[in-house]
There are 2 protein chains.
Amino acid sequence: MMSILVQKFGGSSMADVDKIRHVAGIVSAAHLQGNQTVVVVSAMGKTTDGLVNLAKELTKAPQGRDFDMLLATGEMVSASLLALCLQELGFKAVALTGGQAGVQTENLFNRARITAVDTQTVHNYLNDGYIVVVTGFQGINTLNETTTLGRGGSDTSAVAIAGALKADCCDIYTDVTGVFSTDPRVVHEAVKLDEIAYIEMMELARLGSKVLHPRSVEAARRWGIKVRVRSTFQLEDTGTTVMDEQDMNAMDERVIAGVTCDKNQALVAVLGMPDEPGSAAKVFTRLSTKGISVDMIIQSMGKEPHTNDIAFTVNTWDLQNAQGLMDRLLGDLGARSVEIDDKIAKISIVGVGMIDRPGIASGMFEALAEAQINIKMISTSEIKISVLVEKSNADKAVQAIHAKFFVAEQSLVDSKSGY
Amino acid sequence: MMSILVQKFGGSSMADVDKIRHVAGIVSAAHLQGNQTVVVVSAMGKTTDGLVNLAKELTKAPQGRDFDMLLATGEMVSASLLALCLQELGFKAVALTGGQAGVQTENLFNRARITAVDTQTVHNYLNDGYIVVVTGFQGINTLNETTTLGRGGSDTSAVAIAGALKADCCDIYTDVTGVFSTDPRVVHEAVKLDEIAYIEMMELARLGSKVLHPRSVEAARRWGIKVRVRSTFQLEDTGTTVMDEQDMNAMDERVIAGVTCDKNQALVAVLGMPDEPGSAAKVFTRLSTKGISVDMIIQSMGKEPHTNDIAFTVNTWDLQNAQGLMDRLLGDLGARSVEIDDKIAKISIVGVGMIDRPGIASGMFEALAEAQINIKMISTSEIKISVLVEKSNADKAVQAIHAKFFVAEQSLVDSKSGY
């Protein structure tokens with residue numbers, strides 16, 4: 001039986017007809033190598049943004065059923081053009097909408113989740129020798145209405161289709177060569193990772209890595225599909241494979257997968273709350289009912305006896321809202337004051353290797369101390385340690401931590417992977 | 001029971017967001033007047049041409065299944081934008097693709113014919129108080145694949161949907177105020193017709209009137225749906241109603257509906273064919289197998305005894321092909337020579353009134369004689385008379401014929417219709 005390969009190309013890979021022709025070359029090469037090939041595509045370049053802007057000229061907050069019908073057209077254009085291009089090159093190819101490809105979603109618009117993938121139609125075409133091009137980012141609900149999957153939706157489409165087809169691999173082609181240990185614009189020594197675990201990738205994505213959407217990584221883990229992130233324009237690079245940590249080769253050598261930096265964080269502190277049950281609940285219930293998500297939380301004893309201070313971080317775009325809510329809540333809480341600080345950055349290290357190695361956290365703190373950087377707040381989870389530092393120290397902090405964990409280590413990886 | 005009104009808006013009426021807002025005004029007014037309203041829309045402005053050009057950059061002759069998926073997106077964009085705009089104005093509105101609206105077609109791409117319209121979904125939405133916006137120009141085949149209907153397809157969609165819904169009327173909004181007795185750019189006295197019979201409109205459309213596609217008029221006649229052609233931008237004008245001749249008010253007064261002129265005709269003459277059975281068949285079989293349609297045909301005795309001449313007209317873009325075919329056929333036919341003339345124009349008059357009035361043809365010939373215009377060829381049908389004249393005389397011929405039939409007559413129509 002032939003192996004099934006799913007390839008996904010994003011908007012920048014499909015931006016114009018020349019790039020679509022280039023993609024057709026990649027796809028047909030995979031097909032000629034004997035793979036049954038399914039291609040999932042995003043809309044061309046900035047098409048989706050253009051459609052959103054058209055809708056915004058007519059309605060303030062476009063949403064719902066008909067907005068999804070509008071957005072879904074972008075992928076229909078790119079998918080049909082790629083199919084026509086493959087046909088021109090002499091291949092059997094067919095373009096399918098998400099619905100035609102059996103991508104079923106919940107009855108929710110603008111950010112529906114995939115509930116199932118009925119692969120019958122795709123299988124039939126593959127068995128007839130077709131290259132199957134599927135529109136990413138969309139599906140149909142039980143009423144046969146088109147739904148879209150929200151940001152990063154095409155990655156999720158590709159992974160879900162690969163999972164349902166039991167594909168050998170899902171290749172996500174993009175404009176970078178893979179997942180890096182940190183932002184190469186900040187740290188020149190940043191290294192491309194050959195392998196990364198699903199849970200590491202999920203954390204990195206949540207912490208701001210734009211390479212893959214968290215939802216698509218979650219789907220890959222659920223389906224058990226290996227995802228290879230690679231560059232459309234540097235095909236000699238084998239990219240980064242996102243996979244189960246059990247199957248990774250590099251696990252012995254490296255303890256962390258990456259260092260991330262989020263400069264869009266702000267700190268809110270509610271000071272002098274009476275030390276009584278329910279205070280914290282009041283704070284966070286109020287925030288969550290307004291849709292504000294909170295990241296790091298620290299509760300500590302206040303200056304006066306029998307009082308607590310609660311500090312938490314929010315995204316900078318939620319800061320004004322969060323501050324207003326806390327100001328209005330002050331009397332109800334019996335607290336003294338609300339203070340904010342938006343001159344901070346959150347630096348995190350992520351890695352499944354740290355689970356059994358208590359020395360990792362201290363290594364991070366050492367690196368910061370050697371660089372004379374003060375830590376304002378610390379938060380840890382199983383595979384992640386985050387610290388808050390002054391925003392002006394953020395880049396320096398990333399460089400120091402990266403040097404601590406990667407410079408020595410990378411030589412090991414290099415010698416093993418042979419490049 | 002409320003009456004059902006179908007309104008169709010073409011690409012120029014939907015060209016940008018301001019025009020879509022204007023269309024939403026027209027639609028919502030009809031809805032507020034108590035009509036159950038279905039709106040059929042074309043793609044915005046030149047969108048479809050843009051999609052065709054994109055495809056042509058990737059494949060020389062785009063066609064087939066995936067080309068239809070591409071083309072169908074244009075109407076999905078305009079339909080969803082109009083629905084969003086109507087919602088913003090406070091109306092319940094929904095956008096449906098051709099397939100969702102139950103427009104079923106044959107399994108043929110790029111110019112499929114509508115086979116049936118299942119109105120269940122549309123009826124459900126109408127009964128729930130929705131304005132239903134449907135993408136024109138498209139349907140689905142039995143395999144749930146999107147098909148398009150070819151040029152003029154949105155008009156046909158509108159008429160078919162109106163027919164299946166048993167609508168009271170199908171309003172085709174366009175950039176002219178209605179159907180004119182001739183081209184107003186050539187004859188300033190051209191009059192807008194209040195009413196025109198289906199078969200007259202079909203002939204006018206075949207003869208080059210761009211207002212409605214012949215296929216849509218045919219569909220209107222088959223479904224018995226009155227079609228009102230009117231202007232999106234001059235709403236005070238009631239337009240032209242295309243209807244069964246039995247129901248027309250104006251039938252007594254006017255004998256012809258219009259004068260048309262086609263300057264894209266060329267004459268091909270095969271001279272000196274032996275007068276034996278099968279010669280004409282050879283000529284026209286050869287032409288039709290190459291997809292060349294022939295309009296006027298005249299066979300006459302040749303100069304030499306026992307020979308015939310056959311002359312016929314083709315579209316100028318088929319001339320070179322037709323001439324080549326005839327040249328190669330000469331020996332087989334035993335004919336003397338092939339001659340061509342591309343400096344001709346075809347002038348036609350159309351009207352159901354001429355069926356019982358033999359004086360109409362002679363009136364046309366008289367008008368041309370008075371204008372000193374020579375007739376090269378004549379062809380007649382039940383409701384049409386066409387003549388070929390020198391192309392340089394074409395406009396003068398149209399003016400002379402129009403003056404003969406319309407100047408006196410129009411005063412009668414005016415006094416009756418009250419404007």
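Here are some notes on the predicted model, which has chains A and B.

1. Let's start with the fold of chain A. Chain A has 11 helices and 18 strands. Its radius of gyration is 24 Å, close to the 22 Å that the globule rule gives for 419 residues, so chain A is as compact as a globular protein of that length. Along the principal axes, the C-alpha atoms of chain A fill a box of roughly 80 × 55 × 30 Å.

2. Next, burial and contacts within chain A. Of its 419 residues, 49% count as buried. Among contacts in chain A with a separation of 6 or more, 75% are between residues 24 or more positions apart.

3. Now to the pair. A turn of 179° with a shift of 0.0 Å along the axis lays chain A on chain B, and the RMSD is 0.1 Å. The two copies are thus related as by a two-fold rotation axis. Both copies use the same surface, since 100% of the contact residues of chain A recur in chain B. If you would like a place to look for the axis, try A:Thr73: of the residues of chain A, it comes closest, with its C-alpha at 2.6 Å.

4. The interface itself draws 28 residues from chain A and 29 residues from chain B. On the side of chain A that touches chain B, at least two residues each come from helix H1 (17-32), helix H2 (47-58), helix H3 (65-88) and strand E3 (93-96). H3(A) gives the most to this side, with 15 residues. By residue class, this side of chain A divides into 17 nonpolar, 6 polar and 5 charged.

5. H2(A) deserves a look of its own. With 12 residues at 1.5 Å a residue, H2(A) should span 16 Å, and its end C-alpha atoms are 17 Å apart, which agrees. The buried residues of H2(A) are A:Thr48, A:Leu51, A:Leu54, A:Ala55 and A:Leu58. They cover an arc of only 120° around the axis, which puts them on the same side of H2(A). On the face turned away from that buried side sit the exposed residues A:Asp49 and A:Asn53.

6. Finally, what do the buried residues of H2(A) pack against? Their partners are H3 of chain A together with helix H1 (17-32) and helix H3 (64-88) of chain B. The buried residues of H2(A) thus have packing partners in both chains, and H2(A) also supplies at least two residues of the side of chain A that touches chain B.

Terms used:
Residues numbered from 1 in each chain as written. Chains lettered and ligands numbered in written order. Predicted model: local features only at pLDDT ≥ 70, side-chain atom pairs only at ≥ 80, totals over all residues. Least-squares fit on C-alpha atoms with pLDDT ≥ 70 in both. Contact = placed C-beta atoms within 7 Å. Helix = DSSP H or I, 4+ residues; strand = E, 2+ residues; numbered from the N terminus. Nonpolar A, V, L, I, M, F, W, Y, C, P; charged D, E, K, R; others polar. Expected span 1.5 Å × (residues − 1). Buried ≥ 20, exposed ≤ 12 C-beta atoms within 10 Å, placed from the backbone. Arc of directions from axis to C-beta. Rg over C-alpha atoms; globule rule 2.2 N^0.38 Å.
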